[in-house]
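Student: I have a structure in front of me and would like to learn how to read it. Where do we start?

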Amino acid sequence: MDTSAGVTQVARIYGQPLGDLPPDLYIPPDALEVFLDSFEGPLDLLLYLIRRANFDVLDIPMARLTEQYLHYVELMRARNLELAADYLLMAATLLQIKSRMLLPTPARAEAEEVADPRTELVKRLLEYERMKRGAQLLDERPWIGRDCEQVGIESLATPAARDPEVAITDLPVAWLRLAQRHRVRAHHRVFREQLSVREYMARILRCMADRDHVEFAELLGQTARRAELVVSYLAALELARERMIALAQREPLAPLYLRRTDASLDAQSD
Amino acid sequence: MHPSTPSQIKGILETALLVAARAVSLAELARLFDPPIHMDMLRKLLDELRGDWAGRGVELVQVASGWRFQTRPEMQGYLDRLKQEKAPRYSRAVLETLTIIAYRQPVTRGDIEDVRGVAVSTHILRVLEDRGWIDLVGHRDVPGRPALYATTRKFLDDLGLVSLADLPPLPELENNLEIDDVEPAPTQISE
């Protein structure tokens with residue numbers, strides 16, 4: 001679409017007719033949508049038109065401004081752009097102000113101040129312009145997270161949940177307890193064949209060489225290790241199994257007696 | 001050990017502010033000392049401390065919630081490269097809405113729409129609410145009881161402002177336009 005076709009006079013700048021579109025008004029058709037998107041609404045578009053044409057905002061030539069504004073609205077409609085109701089409402093407002101300005105001032109109103117029909121629009125335009133400027137000023141401030149960052153030294157010693165405190169004197173106490181428990185649970189190292197059952201069988205038989213019977217406890221010395229005890233016991237059982245001795249016990253947990261049998265005598269005599 | 005010299009006190013303030021990693025109020029800072037340090041002295045020492053950090057990449061600033069250390073804006077370009085991303089910018093619609101709330105609070109959605117001349121989408125308000133920059137402070141006592149929005153302390157903190165009086169001044173009207181200021185609608189804040 002040729003946007004300038006048929007447009008012979010776009011605007012009058014302080015009485016001077018403007019025959020051609022100003023260079024900055026020319027909008028490539030494809031860019032129209034982008035261009036209009038850059039306005040935040042009818043007030044923004046009006047401010048653009050006013051500032052571009054260098055109109056005095058306090059003495060807006062309503063006819064020319066309305067004409068230019070409607071030109072854009074027409075462009076939007078011609079391109080089937082979705083025209084926000086806000087733009088149509090503003091068009092109506094502009095036309096209303098323009099027509100009110102054409103009306104002669106009633107004679108009776110001479111005494112009192114006649115309200116300029118543009119006043120309300122001018123107030124809105126100026127307030128919007130100030131807010132636009134305010135937005136720029138806020139945007140220029142250093143925003144945390146965008147233009148600067150909060151700084152802190154992460155203190156790793158204080159995690160969110162506070163851990164119990166440990167004094168240096170707690171450590172020896174803990175060690176002693178640990179050592180105590182370790183003694184109870186001490187590992188038993190079994191040295192295979194170090195204590196031979198056979199050897200102990202012989203030792204038992206030697207002990208009984210000149211006695212008919214002997215108490216099991218007597219076979220063991222005062223310093224007998226647990227391993228010796230076990231091996232001695234196994235040796236006694238083995239001897240009993242081979243009928244070299246007989247085991248006797250009056251009741252459970254009572255002293256255990258070993259008694260010599262004839263077979264053991266035979267073995268000795270071998 | 002009681003800190004006796006100003007430089008000892010400054011050292012304590014500096015350490016506390018660095019470890020806090022947030023804005024710390026004057027009252028909180030005063031309580032670091034027993035007996036508490038006098039507010040005037042505290043302000044003086046904080047000002048000195050701010051001076052001590054001049055010229056570094058990190059600065060001490062005062063915001064609504066108190067004092068905090070932050071990076072200088074000149075450093076952000078480099079820090080962004082470290083993170084390989086840049087914080088997105090808000091649209092003009094969001095920015096203008098925020099501005100109107102900041103300068104004209106408390107305002108209703110209708111007030112914002114009057115100034116901007118366009119409808120304000122719920123999305124815009126939600127973006128600002130989610131950021132924690134605006135919140136609902138009450139309702140205007142008119143039909144429909146529209147919600148009134150105001151900016152939060154976090155907004156001041158995040159923009160490096162101590163109070164609303166710190167907002168950048170808006171340009172004055174170009175000349176004495178005879179605007180008979182309409183009385184603003186009576187605002188009754190009711191929770």
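Student: What does the accessible surface of chain A come to, and what part of it belongs to carbon and sulfur atoms?

Tutor: One caution before the numbers: this is a predicted model. The accessible surface of chain A is about 18300 Å². Carbon and sulfur atoms hold 53% of that surface. For chain B the figure is about 10800 Å², with 54% on carbon and sulfur atoms.

Student: How many of the residues are buried, as a percentage, in chain A and in chain B?

Tutor: A residue counts as buried when its relative accessible area is under 20%. Chain A has 270 residues, and 33% of them are buried. Chain B has 191 residues, with 39% buried.

Student: Which helices and strands should I look for? How many are there in chain A?

Tutor: Chain A has 10 helices and five strands. Chain B has eight helices and four strands. Read chain B from its N terminus and you meet α-α-α-β-β-α-α-α-α-β-β-α.

Student: What share of the contacts joins residues at least 24 apart in sequence?

Tutor: Take contacts between residues at least 6 apart in sequence. In chain A, 60% of these join residues at least 24 apart. In chain B the share is 49%.

Student: Now a sheet. In which order do the strands of the open sheet in chain A lie?

Tutor: Read a sheet from one side to the other, not along the sequence. Here the order is β3-β5-β4, three strands with antiparallel pairing. The edge strands are β3 (213–215) and β4 (245–249) of chain A, and each pairs on one side only. On average, neighbouring strands of this sheet are turned by 25 degrees against each other, direction ignored.

Student: How many bridges join each pair of strands?

Tutor: Three bridges join β3(A) to β5(A), residues 256–260. A:Glu215 stands opposite A:Tyr257 of β5(A). On the other side, β4(A) and β5(A) pair over five bridges, in the antiparallel sense. One partner pair there is A:Gln249 and A:Leu256.

Student: What do β4(A) and β5(A) form, and how many residues lie between them?

Tutor: A hairpin, with six residues between the two strands. Check A:Leu253 in the turn: its phi is positive, about 75 degrees.

Student: Which helix lies across β4 and β5 of chain A?

Tutor: Helix α9 of chain A, residues 226–241. The helix runs at about 115 degrees to β4(A). A:Val231 is found in this helix. That residue is buried, with a relative accessible area of 9%. Now compare sequence and space. A:Val231 and A:Val197 are 34 residues apart in sequence, while their C-alpha atoms are 5.7 Å apart.

Student: How is a pair of aromatic rings described?

Tutor: By the distance of the centres and the angle of the planes. The structure holds seven aromatic pairs over all chains. A:Phe216 and A:Tyr233 form an edge-to-face pair, 5.8 Å centre to centre, with 80 degrees between the planes. This pair links helix α8 (residues 216–219) of chain A to helix α9 of chain A, 17 residues apart. A:Phe216 is buried at 9% relative accessible area. A:Tyr233 is partly exposed at 41%.

Student: Why is the pair of B:Trp53 and B:Phe69 called tilted?

Tutor: Because the planes stand at 55 degrees, with the ring centres 4.7 Å apart. An edge-to-face pair needs over 60 degrees, and a stacked pair needs under 30. B:Trp53 lies in the loop between α3 (39–52) and β1 (58–63) of chain B, and B:Phe69 in strand β2 (residues 66–71), so the pair ties together parts 16 residues apart in sequence. Both B:Trp53 and B:Phe69 are buried.

Student: Which residues do ring pairs link into a cluster?

Tutor: A:Trp143, B:Tyr90, B:Trp133 and B:Phe155. The charged end of A:Arg146 sits over the ring of A:Trp143, 4.0 Å from its centre. Another case is A:Arg203, over the face of A:Tyr200 at 4.2 Å from the ring centre.

Student: Last one. Is B:Arg72 buried or exposed?

Tutor: Buried, because its relative accessible area is 16% and the cut-off is under 20%. B:Arg72 is placed in the loop between β2 and α4 (76–83) of chain B. Leaving out residues up to four places away in sequence, B:Arg72 touches several residues, among them A:Asp147, B:Trp53 and B:Glu59.

Note on methods. Residues numbered from 1 in each chain as written. Chains lettered and ligands numbered in written order. Predicted model: local features only at pLDDT ≥ 70, side-chain atom pairs only at ≥ 80, totals over all residues. Heavy atoms only, no water. Buried < 20%, exposed > 50% of the residue type's maximum accessible area, 1.4 Å probe, protein only. Contact = heavy atoms within 4.5 Å. Areas by Shrake-Rupley, 256 points an atom, 1.4 Å probe, with all protein chains shown as cover. Pairing = 2+ DSSP bridges. Axes fitted to C-alpha atoms, helices over the stretch in contact; angles between N-to-C directions. Phe/Tyr/Trp six-rings, centres within 6.5 Å; stacked < 30°, edge-to-face > 60°. Lys NZ or Arg CZ within 6 Å of the ring centre and 35° of its normal.
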